[in-house]
Amino acid sequence: MPESKGIVMDPRSFFFFLVISVIGFVNGEKIHHQSNHQKSLLSTPMILPLYRKTPNSSKFVQENFHRQLKEAEHRHPNARMRLHDDLLTNGYYTTHLLIGTPPQEFALIVDSGSTVTYVPCSTCEQCGKHQDPKFQPDLSSTYAALKCNIDCTCDSDNNQCIYERQYAEMSSSSGVLGVDIISFGNGSALEPQRATFGCENMETGDLYSQRADGIMGLGRGPLSIMDQLTDKGIISDSFSLCYGGMKIGGGAMVLGAINPLPEMVFSHSDANRSPYYNIELKELHVGGDRLKVNPSVFDEKHGTVLDSGTTYAYLPEPVFVPFKDAIMKKLSHLKQIHGPDPNYNDICFAGAGSDITQLSKNFPEVDMVFENGKKLPLSPENYLFRHSKVRGAYCLGIFQNGRDPTTLLGGIVVRNTLVTYDRQNERIGFLKTNCSELWETLNVPGAPSPAPTPSSSNSTIGLTPMLAPSGLPNYIDPEDFQVGLITFDMSLSVNYTDLEPHIDELTGFIAHELEVNASQVHLLNFRLKGNESLVRWVICPAESDYYISNTTAKSIFSRLNEHRLQLPENFGSYKLLEWKVEPPPKRSWWARHFIAVIGGVVITLILGFTSIGIWFVWRRKQALNNYKPVNVGDVVQESELQPL
């Protein structure tokens, strides 16, 4: 822990300090109310990017998709905003919505299987710690509670409308309904709209422990964001999702209609079949061989459902068993191993290698065949996930759906696939493409969406765009890169004279937000810039560790990249300027083996002294065994010596 006038480090931390001390110090929406222009904005698509990169792109698809969106942009202005891809670490994708006047920002899970959009309310006493502060209705001049009426469920006092939702993983959310201004980002040409959303008062299960604030409901229902926008004639009744690949992720989301590409494969989606988005799946092929199952099995209960809020896929038992057997038969050359979590009987295989672009050489292609005979090919990344503990090992991301006969297809099945939910024409289209690079062709290079301007109600949301770590790709896989040090620069709107007495306190807050020990966070240096303080922090490995663990490194990367640090107001507003990653410093043979050598010497000394002790005890015992007392009968009288 650094002191106010300097840094006190142990020898290991000082060694890291010397390595990075040569690095130079880096020099450093307005929301409108609803208007009468809604009619003129009919069919305005809202384009929302998902970040990161992945291989195996289709340039033809990208160029055509780019051209069509440019044509739509010429006719109607497009709305763009950032989306954050958390599928690999958290199991979901999130987008940022702004609610209220002045706007309050929230990270919401993009969920086509939910119909309510909700965020934690300031009155919630049973809500977990999430990415952003809770919504404060009192701070929004445009918020209004939705009064009890015949079209909603009312509270016990018949005063306010309420909502209650329970999910398959046994989590739940409940609260009151309110109406406020919702904006889809300051890159949107679409004016912010008044919409109904949930102000959450209680959450349980995974909803309580997740990092995301809440859920953005895209399903069918009067409370769905899609239904509210289409009912007002704001956009056409269609939206598209494009999820990235296994290792990196990324992609785009479009709210509004797009012209389908000729290569897109469609399946009928019956809106009256269920409240979920379903397709008419008839067959599954593994490595070209059709599974011998009755096609009606895919039509049981809710049928075959697409759900972007679910991570993996779940098949009914009559389908899962032959699917698993067919996969294992094709993989007889790979070694089957245990899964990463002993609580689950995951089916995993080792020996396939770490290069995901070569997975098709070991794993078979799976085809989904629709009612019209059209096929959607699934590559290995559409049914596998990487083993988190064994390098080059992969596990089946398709499981048995218990006793539920529904076929549930989550986000894993549509990786690197553009999926168009054409609700107006009751169909869903699929097109294999590189979703990350698809967005790259749409976005303006070097022009990321700026963050909202800080308001008086929240002094910590005004952040400049984060720079990528120096000398490293935007996404760092700790499996391929050991992280020795993480440094980041912070600009605080308080003078260092006022900040200095509270350095220890600030260090503790930063450690808490990054979920590391306070002993790992050190103030490296600082300088003044007007009335602001430019501070450089360094995060070291935990005590006795040579590098920062994979899990911790990923968590820190995510929090820094998404500006998740929440500091008390007495530290003023802040900006994260740049963060860098350094590998563990190279050490000499003596430094690498110092502990082993010392340990060997100590053990040798202990064994030596022990052996000597045992030898002395043994000799003493032998001496006692060799001594024999003289019997009384054997005594001989001594005679006196006679003179010569």
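This is a short selection-by-selection tour of a predicted model.

**Start with the whole chain**

Show the protein chain as a cartoon and colour by secondary structure: there are 10 helices and 35 strands. Of its 644 residues, 50% count as buried. Switch on a surface next, and you are looking at about 31000 Å² of exposed area, with 54% of that supplied by carbon and sulfur atoms.

**Into the nonpolar cores**

Now hide the surface and select L255, F363, M368 and F430. Within the largest nonpolar core, which has 73 residues, these four touch the most other members. Add helix 5, residues 317–330, to the selection: the largest share of this core, five residues, comes from there. Where does the core lie with respect to the domains? Colour domain 1 (79–235) and domain 2 (261–442) separately; both give residues to the core, so it lies between them. As background, nonpolar side chains in soluble globular proteins tend to be buried together.

For the other core, pick L506, L523, V535 and F571. They are among the 31 residues of a core that lies apart from the 73-residue one.

**A stop at S171**

Go next to the loop between strand 9 (161–166) and strand 10 (172–183), where S171 sits. Is S171 buried or exposed? Its relative accessible area is 1%, and because buried means under 20%, S171 counts as buried. To see what surrounds S171, show R165, Q166, T204, G205, D206 and L207; S171 touches each of these, leaving aside residues up to four places away in sequence.

**The disulfides**

Select the cysteines and draw their side chains as sticks. How many disulfides does a search of the whole structure find? The search finds six. Counting bonded cysteines along the chain, the pattern is 1-8, 2-3, 4-6, 5-7, 9-12, 10-11.

- **C148 and C154:** the sulfur atoms of this disulfide are 1.8 Å apart. The torsion about the S-S bond is about 85 degrees, so the disulfide is right-handed. C148 is partly exposed, at 28% relative accessibility.
- **C152 and C161:** here the sulfur atoms are 2.0 Å apart. The link is left-handed, with -70 degrees about the S-S bond, and both C152 and C161 are buried.
- **C242 and C435:** these are joined with an S to S distance of 2.1 Å. A torsion of about -80 degrees makes this disulfide left-handed. The pair links distant parts of the chain, 193 residues apart: C242 belongs to strand 14 (residues 239–243) and C435 to helix 6 (residues 435–442). Both C242 and C435 are buried.

Finish at C540, which is buried with a relative accessible area of 2%.

Key. Residues are numbered from 1 along each chain as its sequence is written. This is a predicted model: local features need pLDDT of at least 70, side-chain atom pairs count only at pLDDT 80 or more; totals for chains, interfaces and linings use all residues. Side-chain values use heavy atoms; hydrogens and water are left out. A nonpolar core is a set of buried Ala, Val, Leu, Ile, Met, Phe, Trp, Tyr and Cys residues joined through side-chain atoms within 4.5 Å. Buried means under 20% relative accessible area, exposed over 50%, partly exposed in between (1.4 Å probe, protein chains only). Helices (H or I, at least four residues) and strands (E, at least two) are DSSP runs, numbered from the N terminus. Domain bounds come from an automatic or database domain assignment. Contact means heavy atoms within 4.5 Å. Accessible areas come from the Shrake-Rupley method with a 1.4 Å probe; for residues, only the protein chains shown count as cover. A disulfide is a pair of cysteine sulfur atoms within 2.5 Å.
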